[in-house]
Amino acid sequence: MTSFDGERPDHEALLRELVGSEPRRLRSDHGDVIVVEALSKRYPNGTEAVRGVSFGVRSGEVFGILGPNGAGKSTTIGMLGTLVLPSGGRASVAGLDVVAQRREVRRRIGFAMQEVGVDDLATGRELLVLHGRLHGLSRREAARRAALLLELVGLGEHAAARMGDYSGGMKRRVDLASALIHLPQVVFLDEPTEGLDPRARAAIWAALAWLREALGMTIVLTTHYMEEADRLCDRIAIVERGRIVVSGTPQELKRAARAVTLEDAYLHSTGQALEVAA
Ligand code: ADP
């Protein structure tokens, strides 16, 4: 287990305390927790951001949506997280329709966004407690989890600082922590480690892997980092111009392309380098 930083070897203990005595309570064995069928999005300006994607995500799985900028990753995850209204097809999360039952869906999910808009005058602790209260936690439990989560994402010392004084990376980490406060069944993370330094990135990976392992949390993330997708994801869908080009486990993608790295597999399936395409 990678600790968040050199001075904090008790990362795993924090997670254990957060999760409590009910390991794997979020995992259900009822097949796919997310079902996506011919989902599409056409923005009012005519942009066809997502052009009929279909996939399933199993309970307790880490599922990665990989692709260059503009491929439709944020739009796809936004539709699943009820933040973007689909223009065609359908999707369900935990058996609930993301349009017709959006309120119920929202209770079961956490969402950490790329563009974080936080209240600059509030402190990190206040943000987390507020989120916890909105999800029905008692003040005491919200405060307990807020302290643990802030510690976990390396912001323990900054819990009482105003978020206006946070760096971009700190804002992203506090947003991630707030997405987890109610220990959601499914968590959606849009580019969770973008802009973080390698140490912070490794810590986020470790925390997510542990939450999945200990709690059976299902994690859907977008990324354009190959290494992240390869290390973290059980399965990956590579998207290009609103369509899924190929999907499978990192091993399957590499094997199919006779590639050693996911980067080579990506080149094989899309015919272009991700960094260049981005
Ligand atoms: P990615 O997350 O892979 O970078 P996005 O889902 O953000 O891709 O964007 C997919 C396409 O949709 C891009 O061409 C982008 O410019 C466009 N797009 C995204 N959001 C909007 C919006 N609110 N209105 C119009 N076009 C948008």
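This passage describes the fold of the chain, its two sheets, selected helices and the surroundings of the ligand, as seen in a predicted model.

The chain contains eleven helices and ten strands, and of its 278 residues 46% count as buried. Among the contacts in the chain with a separation of 6 or more, 68% are accounted for by residues 24 or more positions apart.

Six of the strands form an open sheet with mixed pairing, in which the order is β6-β7-β8-β3-β9-β10. The edges of this sheet are occupied by β6 (109-112) and β10 (243-248), each of which pairs on one side only. On average, and with direction ignored, neighbouring strands of the sheet are turned by 15° against each other. Within the sheet, strand β3 (residues 62-66) runs parallel to strand β9 (residues 235-240), and the two are joined by four bridges; L66 is found opposite I238 in β9. Helix α6 (residues 168-180) lies across β6 and β7 (186-190), and the direction of α6 is at about 175° to that of β6.

A further open sheet is built from four strands in the order β2-β1-β4-β5, and its pairing is antiparallel. Here the edge positions are held by β2 (48-58) and β5 (96-97), each with a single partner strand, so that one side of each has no neighbour in the sheet. Strand β4 (residues 88-93) pairs with β5 in the antiparallel sense over two bridges, and V93 has L96 in β5 as its bridge partner. In general, the strands of a sheet pair through backbone hydrogen bonds, whether parallel or antiparallel.

Towards the start of the numbering, helix α1 (residues 11-19) has H11, L14, L15 and L18 as its buried residues. These residues lie on the same side of α1, because the arc that they cover around the axis is only 95°. Such an arrangement can be read against the geometry of an α-helix, which has 3.6 residues a turn, so that residues three or four places apart point the same way. The buried residues of α1 pack against two other helices, α5 (139-152) and α7 (198-215). Just after α1, a positive phi of about 75° is taken by G20.

The ligand is surrounded by Y43, N45, T47 and A49, together with G67, N69, G70, A71, G72, K73, S74 and T75. By residue class, this shell divides into three nonpolar, eight polar and one charged. The element that gives the most to the shell is helix α2 (residues 73-80), with three residues.

Helix α2 also holds T76, which counts as buried because 31 C-beta neighbours lie inside 10 Å, where 20 or more are required. When its neighbours within four places in sequence are left aside, T76 is in contact with V50, V53 and I65. The C-alpha atom of T76 is separated by 9.9 Å from that of R51, although the two residues are 25 residues apart along the chain. Among the contact partners of T76, V50 and V53 fall within the span of β2 (48-58), whereas I65 falls within that of β3 (residues 62-66). The contacts of T76 thus involve positions in a strand at the edge of the four-stranded sheet and in a strand of the six-stranded sheet.

Key:
Residues numbered from 1 in each chain as written. Predicted model: local features only at pLDDT ≥ 70, side-chain atom pairs only at ≥ 80, totals over all residues. Near = placed C-beta within 6 Å. Nonpolar A, V, L, I, M, F, W, Y, C, P; charged D, E, K, R; others polar. Buried ≥ 20, exposed ≤ 12 C-beta atoms within 10 Å, placed from the backbone. Contact = placed C-beta atoms within 7 Å. Pairing = 2+ DSSP bridges. Axes fitted to C-alpha atoms, helices over the stretch in contact; angles between N-to-C directions. Arc of directions from axis to C-beta.
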